[in-house]
Number of protein chains: 2
Amino acid sequence: MISNKKAVVLVSGGLDSATVLAEALADGYVCTTLSVNYGQRHLVELECARKLVADMGVTDHREVAIDIGGFGGSALTDKAIDVPTQMELKQQKDIPITYVPARNTIFLSVALGLAEVLGARDIFIGANAVDYSGYPDCRPEFISAFTELANLATRCGIEGNTIQIQAPLIDMAKADIIRLGIQLGVDYGATSSCYNPQLVGSKSQACGECDSCQIREAGFVEAGYSDPASA
Amino acid sequence: MISNKKAVVLVSGGLDSATVLAEALADGYVCTTLSVNYGQRHLVELECARKLVADMGVTDHREVAIDIGGFGGSALTDKAIDVPTQMELKQQKDIPITYVPARNTIFLSVALGLAEVLGARDIFIGANAVDYSGYPDCRPEFISAFTELANLATRCGIEGNTIQIQAPLIDMAKADIIRLGIQLGVDYGATSSCYNPQLVGSKSQACGECDSCQIREAGFVEAGYSDPASA
């Protein structure tokens with residue numbers, strides 16, 4: 001039954017969601033991809049996402065704008081707050097300032113609305129609780145709670161067509177994600193992970209110093225590959 | 001402690017959310033109101049909301065645009081689908097076509113992000129499970145599931161500052177909501193409930209035939225008041 005294999009895949013243009021998309025496609029899902037423009041300073045990731053999903057053969061890509069950036073409170077959306085380096089982050093114990101309040105809740109909610117309209121029962125998200133930045137909405141218990149909510153919140157849920165939130169990377173180390181993606185043929189050269197990319201000439205370049213850049217770099221080193229985006 | 005009494009109140013410009021706002025204000029909350037422009041055809045409600053909250057003394061009103069209207073699938077956002085009359089609706093048993101997929105999930109997610117930035121612990125929503133249109137995301141079990149999610153999803157939640165989703169109208173009949181609002185001084189003449197308002201000259205006018213208009217009218221009749229918006 002073709003309709004049971006529709007999925008909505010949240011893609012940010014980063015490494016994790018590219019891997020998740022490759023996995024969903026390999027599993028035979030017909031994927032509609034969804035990127036959210038939430039006023040992030042690293043808007044270049046939306047361009048990456050567009051190119052990436054087209055290269056991976058996705059024909060239905062959606063971009064939804066939601067202006068929560070104006071709420072402030074995060075270095076990723078508030079230009080008045082500097083993106084910390086990983087070094088600076090390590091001196092804090094708190095959830096870092098790069099945390100965007102309720103981001104994954106908002107992303108999954110929008111994906112849920114789209115899934116319901118499309119008749120998709122599976123929503124994929126690249127959340128990861130291992131090599132991540134300590135965000136509360138990247139934990140398995142968050143994914144479980146959202147799954148429960150999704151099945152109470154929607155027409156399809158209460159009609160018994162269970163909605164699944166699939167977070168296949170949630171327990172994986174970054175190096176293992178990279179190994180999986182390379183096996184699945186992901187072009188990591190086309191992904192962007194940096195929280196604070198700099199424009200060099202007309203080209204966007206990763207800062208190399210933010211938490212996300214450092215986690216990515218360490219992952220490639222551990223996996224034993226060189227990062228094609230740094231070439 | 002003043003900071004414990006901050007609240008985010010979702011306001012649509014309709015009767016229910018106006019009543020909820022009046023209740024939150026009466027309870028002593030310092031309220032930031034939030035309206036969502038989701039591509040609804042009844043955009044006039046956003047104007048109503050702006051005027052209403054200003055009249056009620058709210059100084060921090062936010063409007064967030066999110067273009068889920070493009071997803072389609074609902075008569076409230078898709079101009080190709082007619083808004084049914086209540087008569088037509090009664091011939092169906094399903095969740096009606098005016099249901100907007102995942103709407104309250106999306107609204108509460110955005111409110112959650114705003115609450116976290118503001119340091120508010122209470123989020124008010126005018127969801128109602130009695131005289132409503134049969135939407136899955138207006139039921140008490142949905143509100144409970146979202147509350148659980150909210151406390152897993154956020155920094156403040158995991159730090160033990162419990163977030164509460166308050167839906168004080170959830171079990172109330174429309175007539176009782178109207179009685180409560182009148183007692184609290186709500187100016188229902190400034191609210192708009194219609195799903196399909198018509199422009200008559202330069203003035204927006206309720207259609208009188210959609211489910212929302214009919215539920216409102218019956219509520220006023222039962223409460224023993226005339227609707228100031230119909231005057």
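The following paragraphs lead through a predicted model of two chains, from their symmetry to their interface and then to a sheet in chain B.

In this predicted model, local features need pLDDT of at least 70 and side-chain atom pairs count only at pLDDT 80 or more, whereas totals for chains, interfaces and linings use all residues. Residues are numbered from 1 along each chain as its sequence is written, and chains are lettered from A and ligands numbered from 1 in the order in which they are written.

A turn of 180° with a shift of 0.0 Å along the axis lays chain A on chain B with an RMSD of 0.0 Å, the superposition being by least squares on the C-alpha atoms of residues with pLDDT of at least 70 in both copies. The two copies are thus related as by a two-fold rotation axis, and the C-alpha of chain A nearest that axis belongs to Ile66(A), at 2.3 Å.

Across the interface, 35 residues of chain A are in contact with 35 residues of chain B, where contact requires C-beta atoms, placed from the backbone, to lie within 7 Å. Strand E3 (60-65) and helices H4 (103-118), H5 (140-153) and H6 (155-158) of chain A each supply at least two residues of the side that touches chain B; helices (H or I, at least four residues) and strands (E, at least two) are DSSP runs, numbered from the N terminus. H4(A) gives the most to this side, with nine residues. Because 100% of the interface residues of chain A are also interface residues in chain B, the copies meet through the same surface.

Within this interface, the axes of H5(A) and H5(B) come within 9 Å and cross at roughly 160°; axes are lines fitted to C-alpha atoms, for helices over the stretch in contact, and angles run from 0 to 180 degrees between N-to-C directions. The helices H5(A) and H5(B) are therefore roughly antiparallel, a term for angles over 145 degrees. Among the residues that make the contact are Phe142(A), Phe146(A) and Leu149(A) of H5(A), together with Phe142(B), Phe146(B) and Leu149(B) of H5(B).

Turning to chain B, an open sheet of five strands has the order E3-E2-E1-E4-E5 with parallel pairing, two strands being paired if DSSP finds at least two bridges between them. Strands E3 (60-65) and E5 (164-166) of chain B stand at the edges, each with a single partner strand, so one side of each is left without a neighbour in the sheet. The twist averages 25° from one strand to the next. Strands E1 (residues 6-10) and E4 (residues 122-124) of chain B pair in the parallel sense over three bridges, and Ala7(B) stands opposite Asp122(B) in E4(B).

Conventions:
Two residues are in contact if their C-beta atoms, placed from the backbone, lie within 7 Å. Angles under 35 degrees count as roughly parallel, over 145 as roughly antiparallel, 65 to 115 as roughly perpendicular and the rest as oblique.
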